[in-house]
2 protein chains.
Amino acid sequence: MQEKPNLHQVARLAGVSIASASRALTGQSASAETVRKVRSAAKQLGYVPDATARTLRLGGTRQVVFAVDDIGNPNYVAMLRAIEHELGHRGIRLSVSSTGREMKQTLDLVRSLNVGVADGLIISPIRVTPQLRRALEECVVPVVVIGSLDKEVAIDRVRVNSTKAVEMAVAHLVETGRRHIAFINGPLDTNPGAARQLGFETAASHHALSYSSGHMICADDFTAAAGLAAGNKLIKNLKGAGEPIDAIVAANDLIGVGAISACVGAGLQVPTDVAVTGIDDTEIAAVFNPPLTSVSLRAAKRGRQAAQLLLKRFEEPFRDPELLTVDPVLKVRASTLPPQPEGTY
Amino acid sequence: MQEKPNLHQVARLAGVSIASASRALTGQSASAETVRKVRSAAKQLGYVPDATARTLRLGGTRQVVFAVDDIGNPNYVAMLRAIEHELGHRGIRLSVSSTGREMKQTLDLVRSLNVGVADGLIISPIRVTPQLRRALEECVVPVVVIGSLDKEVAIDRVRVNSTKAVEMAVAHLVETGRRHIAFINGPLDTNPGAARQLGFETAASHHALSYSSGHMICADDFTAAAGLAAGNKLIKNLKGAGEPIDAIVAANDLIGVGAISACVGAGLQVPTDVAVTGIDDTEIAAVFNPPLTSVSLRAAKRGRQAAQLLLKRFEEPFRDPELLTVDPVLKVRASTLPPQPEGTY
DNA sequence: CTGGAAGTTGGAAACGTTTACAACAAGGCA
DNA sequence: TGCCTTGTTGTAAACGTTTCCAACTTCCAG
């Protein structure tokens with residue numbers, strides 16, 4: 001820890017005015033001699049310009065905030081990496097905020113942007129209240145939303161059809177011979193939860209699957225631990241009701257992983273007895289035991305696109321808001337191998 | 001997006017000087033009448049004080065940076081949560097930086113602190129070069145290191161004995177009847193990698209285990225994918241050499257998870273044929289299939305302590321640097337059940 | 001030799017806030 | 001009444017930077 005010198009001291013040491021010192025360092029018009037003197041003085045003192053003062057003068061911290069509910073979810077980590085990559089080489093720092101389930105924290109965060117902490121916000125909220133929507137609309141810096149917003153608002157947005165993702169998962173299970181499919185969702189009061197619920201019900205009726213309310217259960221959140229708990233409960237309930245299942249669709253990979261553990265704990269083989277699918281296609285899916293079939297929601301691509309939208313808006317603040325949509329893609333792995341390997345026919 | 005009003009406008013609307021306006025809002029001496037007028041004017045305009053200007057005047061952005069190599073590692077997420085919790089209710093924002101394996105990025109980050117972007121840094125580096133050590137020493141803001149630093153430097157630090165953690169893992173395996181133990185480490189040029197290597201070799205000789213160099217392999221990094229690749233290679237090598245193993249110690253949970261997948265892929269049952277242990281006791285350990293025995297390195301506790309050290313240093317900038325040590329604890333799960341259940345004796 | 005162009009320089013203002021200081025009013029006490 | 005205390009207010013300086021503007025030098029063409 002050392003005291004940091006300021007431009008006055010550099011200028012004094014170089015024997016020039018602070019205006020000249022500033023120009024010499026920022027590369028404005030200055031004589032070669034002045035530049036040399038100032039550079040040398042700056043180096044000698046270890047001078048670095050103060051970011052706060054510069055920000056105040058210039059307007060614009062070169063910082064963007066990325067806000068998610070749970071940074072522990074690998075899905076968001078994938079987004080984060082993509083955003084960081086996109087913004088990083090433009091000299092923009094990324095500040096990550098894991099807001100958790102407290103809506104107040106999220107609101108505080110958005111409001112804190114109004115005090116000039118950052119130049120922009122990329123947010124992927126799972127719960128959207130009217131307050132949050134208003135806060136986002138009224139934000140003094142550009143906002144890009146990854147996900148849903150219920151009502152149309154004039155904000156740049158990247159979305160993915162996760163309803164369709166669930167439908168794809170169900171279709172895949174049906175195609176590989178499963179008919180008794182259960183669904184472990186996340187909380188229904190979240191946007192992803194609601195969309196996926198719709199997807200399951202649509203697909204179930206489309207494929208004329210018979211299912212009862214006992215086939216659907218909601219985990220407390222989108223984590224593996226919650227998935228395990230919900231999976232245990234689901235299996236117990238269905239066993240009690242005498243309704244066997246041969247497949248589980250999980251609302252995301254973490255829940256899916258928890259569900260597999262629940263199956264194994266209950267003595268059910270995956271995929272022999274029960275097939276399991278996840279959603280998100282996170283890193284864990286490929287290395288789980290067995291590897292988890294999952295529907296990719298293209299987190300990295302969405303992150304990249306969100307960053308690009310934000311950059312575009314920096315350039316042209318008054319563009320019409322844009323809505324980008326990416327399509328889910330199915331990744332088949334061992335957790336949904338057919339009960340009798342197809343090769344045996 | 002709206003234009004943001006400043007204090008001048010509030011003062012003008014309230015019919016007072018900006019000094020009075022500032023005092024009224026910050027709660028200094030001001031008459032009830034003035035406070036009322038200013039408050040009302042501020043609310044009417046939607047005024048929020050500008051953080052940059054305030055920072056410039058007051059000194060001190062209320063922001064701290066947390067830097068890690070890979071935010072995708074749940075271990076760091078646990079630290080992050082603890083730090084955020086500790087700093088959050090003191091009104092300090094936490095900015096997360098995932099520096100990746102590029103040393104240059106880390107150096108840039110540390111240097112960027114010298115421009116006044118944040119008031120402090122908590123860093124958990126896995127590779128420490130002399131340059132990095134120097135940059136940390138010369139940093140103008142307080143730094144707390146979670147992890148090793150090779151040489152003693154005058155910086156607050158929280159450490160854990162991960163050498164001992166590996167020894168505990170090996171001891172546990174030996175106690176449960178394993179004798180042919182392999183080790184999948186992370187990169188040896190990292191501090192955790194080096195410490196764990198030492199731990200394995202110490203423990204192996206202490207328990208008089210016979211092992212060849214073929215029993216030790218290094219994954220490319222501390223991820224599950226690298227663990228899977230290394231696990232595959234390890235199994236193939238040992239099979240080629242005709243050296244069977246009955247246990248694998250992995251340098252962290254992600255590698256451990258990858259190792260289990262490798263075993264399963266090679267037709268080895270876990271824990272019946274091969275026991276596997278991880279390190280870190282991250283969330284994934286409890287929900288994996290089978291649940292992974294792991295040695296907790298108390299990530300949350302270390303994060304909390306690091307945050308507290310930083311806060312203490314804010315209070316007293318010239319305290320002597322402190323070194324806190326936490327002890328690892330073993331969490332036994334199904335991945336190391338003895339080959340013959342102990343109950344059968 | 002003079003006028004202007006081109007290039008360089010320093011003074012001072014600005015960004016938006018907080019606060020030291022002085023001025024002022026009101027009130028109490030001798 | 002005069003003096004001191006107490007409380008409130010406004011002016012102005014400060015934080016560290018960038019940049020407008022005017023002044024200065026140098027040089028060249030007329």
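## Terms and model

A residue counts as near a strand if one of its heavy atoms lies within 4 Å of that strand. The model described here is predicted.

## Domains of chain A

The domain assignment divides chain A into three parts: domain 1 (7-49), domain 2 (63-160 + 299-327) and domain 3 (162-297 + 331-344). The centres of domain 1 and domain 3 of chain A, taken over C-alpha atoms, are 65 Å apart.

## How the two chains are related

Chain B can be superposed on chain A by a rotation of 180° with a shift of 0.1 Å along the axis, giving an RMSD of 0.1 Å. This is the relation of a two-fold axis. Within chain B, the residue closest to the rotation axis is Ser95(B), whose C-alpha is 2.2 Å away.

The copies meet through the same surface, because 100% of the interface residues of chain B are also interface residues in chain A.

## Surroundings of DNA strand C

DNA strand C is surrounded by 27 residues, and the closest are Ser20(A), Thr34(A), Leu7(B), Tyr47(B) and Arg57(B). Of the strand C atoms within 4 Å of the protein, 59% belong to sugar or phosphate, and the rest belong to bases. By class, the surface near strand C has 11 nonpolar, 10 polar and six charged residues.

Several side chains approach phosphate oxygens of DNA strand C. For Thr34(A), a polar side-chain atom is 2.4 Å from such an oxygen; for Ser20(A), the distance from a side-chain N or O atom is 2.6 Å; and for Tyr47(B), a polar side-chain atom lies at 2.7 Å. The elements giving two or more residues to the surface near strand C are α2 (18-26) and α4 (51-58) of chain A, with α1 (7-14), α2 (18-26) and α4 (51-58) of chain B. The most comes from α2(B), which gives five residues.

## Surroundings of DNA strand D

Around DNA strand D there are 27 residues, and the closest are Leu7(A), Tyr47(A), Arg57(A), Ser20(B) and Thr34(B). Sugar and phosphate make up 59% of the strand D atoms that come within 4 Å of the protein. The surface near strand D has 11 nonpolar, 10 polar and six charged residues.

Phosphate oxygens of DNA strand D also have polar side-chain atoms beside them: one of Thr34(B) at 2.3 Å, one of Ser20(B), an N or O atom, at 2.7 Å, and one of Ser22(A) at 2.9 Å. At least two residues of the surface near strand D come from each of α1 (7-14), α2 and α4 of chain A and α2 and α4 of chain B. Here α2(A) gives the most, with five residues.

Key: Residues are numbered from 1 along each chain as its sequence is written. Chains are lettered from A and ligands numbered from 1 in the order in which they are written. This is a predicted model: local features need pLDDT of at least 70, side-chain atom pairs count only at pLDDT 80 or more; totals for chains, interfaces and linings use all residues. Side-chain values use heavy atoms; hydrogens and water are left out. Domain bounds come from an automatic or database domain assignment. Copies are superposed by least squares on the C-alpha atoms of residues with pLDDT of at least 70 in both. Contact means heavy atoms within 4.5 Å. A polar contact is a pair of N or O atoms within 3.5 Å; within protein, one must be able to donate a hydrogen and the other to accept it, and residues adjacent in sequence count only if both atoms are side-chain atoms. Helices (H or I, at least four residues) and strands (E, at least two) are DSSP runs, numbered from the N terminus. Ala, Val, Leu, Ile, Met, Phe, Trp, Tyr, Cys and Pro count as nonpolar, Asp, Glu, Lys and Arg as charged, and the others, Gly among them, as polar.
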